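Colleague: Please take a close look at the aromatic side chains in this model. I would like one connected account of how the rings are arranged.

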Amino acid sequence: TEETDEVRSLTLNYRVALFSLTLLYYCAILFFNVSLIIIIALDENLHEPMYILLCSFCVNGLYGTTGFYPKFLLDLLSPSPEIVYEGCLFQAFIMYSFASCDLSILAVMAYDRYLAICRPLHYHSQMSKRRLSQLVCFSWLTPLCILSINVFLTSRLKLCSSNMQKIFCVNWVIVKLACSEADTFSNNIAAYISIVIYVSHGFFIIWTYMHIVKTAVRSENVRVKFMQTCVPHLISLITFLVTILFDLMYMRFGSRDLPQNLQNFISIEFLLIPPLMNPLIYGFKLSKIRQKILYLVHVGKQVT
């Protein structure tokens, strides 16, 4: 499968500059996410449900960006970037499962905050280690299984075009490349089922925050807790939804008359902003992690 011509048409100087900036940005994503994961893993005081879910969130950020950035960097260095059909399907699977896992993890984090704020006396009994393990498995395995079915159905289609109109592979775009006589009915059904499942995740998050806000209004202590732990989650959630909806709406209904650079930016917003922003927000906002980071910086200064 040949990829879109925009990467191929870049001048050499522009490619080198873009390659350098992209590599630097990807290294920053790796550094901040891996740092947060290591801090949480090594500090037993942070082995609490909220921080373990945050660790899972960062792992998913690494998973999704690794599905895009290394291939994109290679394409920038290649005079004729291409990807085999199987590789394209695999990348599409990673992109979709990354976004779906993000929403699933955000839904589980919302449930955790609901229990901590609205039902504090039952929190430790309802958010036990076993329940936490089940929720983490749910947030990962459910999207992976659903998206495996979607991509498998797509792999059965015969394509009549190989020109991707995005800088990475997306299941919906691959389906649109199928020959006119191809039966895409099962693909559409699977896509609609996926949409229903993840829209229900959204409604569940709204339900939890309705109760959280109602509880926070009645208590000053709860409001402080809300500001400390729920605000980072809300920022991550809103950023994720805005970037994903921009991409989905543009992919389905957008005009091809927009400048190519703007089209590319819209396409990769969810791979640019959330993976870097999330560890920074949680690192600075959550007091336990912030104190641990400041302690490590202080120790590092003393050593040097």
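Modeller: The model is predicted. Start with the backbone that frames this part: over residues 49–69 the chain is 90% helix and 0% strand, with the end C-alpha atoms 30 Å apart. Residues 89–111 are 100% helix and 0% strand, and the C-alpha atoms at the ends of that span lie 33 Å apart. Both spans are listed in the unreviewed UniProt entry under "transmembrane region", along with residues 23–42, 132–153, 189–210, 231–253 and 265–284.

Turning to the rings, a pair is described by the distance of the centres and the angle of the planes. With centres required to lie within 6.5 Å, the model has 13 aromatic pairs. One of them joins F68 and F72: the ring centres are 5.2 Å apart and the planes meet at 15°, so this pair is stacked. F68 and F72 are both buried.

Another pair, F168 with F270, has its centres 6.1 Å apart and its planes at 65°, and is therefore edge-to-face. F168 sits in the loop between helix 7 (129–155) and helix 8 (171–176), while F270 belongs to helix 11 (residues 260–285); the two are 102 residues apart, and their pairing links distant parts of the chain. F168 counts as buried because its relative accessibility is 2%, under the 20% cut-off. F270, at 4% relative accessibility, also counts as buried.

These two pairs come together in a single aromatic cluster, formed by Y26, F68, Y69, F72, F98, F168 and F270.

Terms used: Residues are numbered from 1 along each chain as its sequence is written. This is a predicted model: local features need pLDDT of at least 70, side-chain atom pairs count only at pLDDT 80 or more; totals for chains, interfaces and linings use all residues. Side-chain values use heavy atoms; hydrogens and water are left out. UniProt positions are given in the numbering used here, feature names are shortened, and annotations may be inferred rather than shown by experiment. Helices (H or I, at least four residues) and strands (E, at least two) are DSSP runs, numbered from the N terminus. Rings of Phe, Tyr and Trp (its six-membered ring) pair if their centres lie within 6.5 Å; planes under 30 degrees apart count as stacked, over 60 as edge-to-face and the rest as tilted. Buried means under 20% relative accessible area, exposed over 50%, partly exposed in between (1.4 Å probe, protein chains only).
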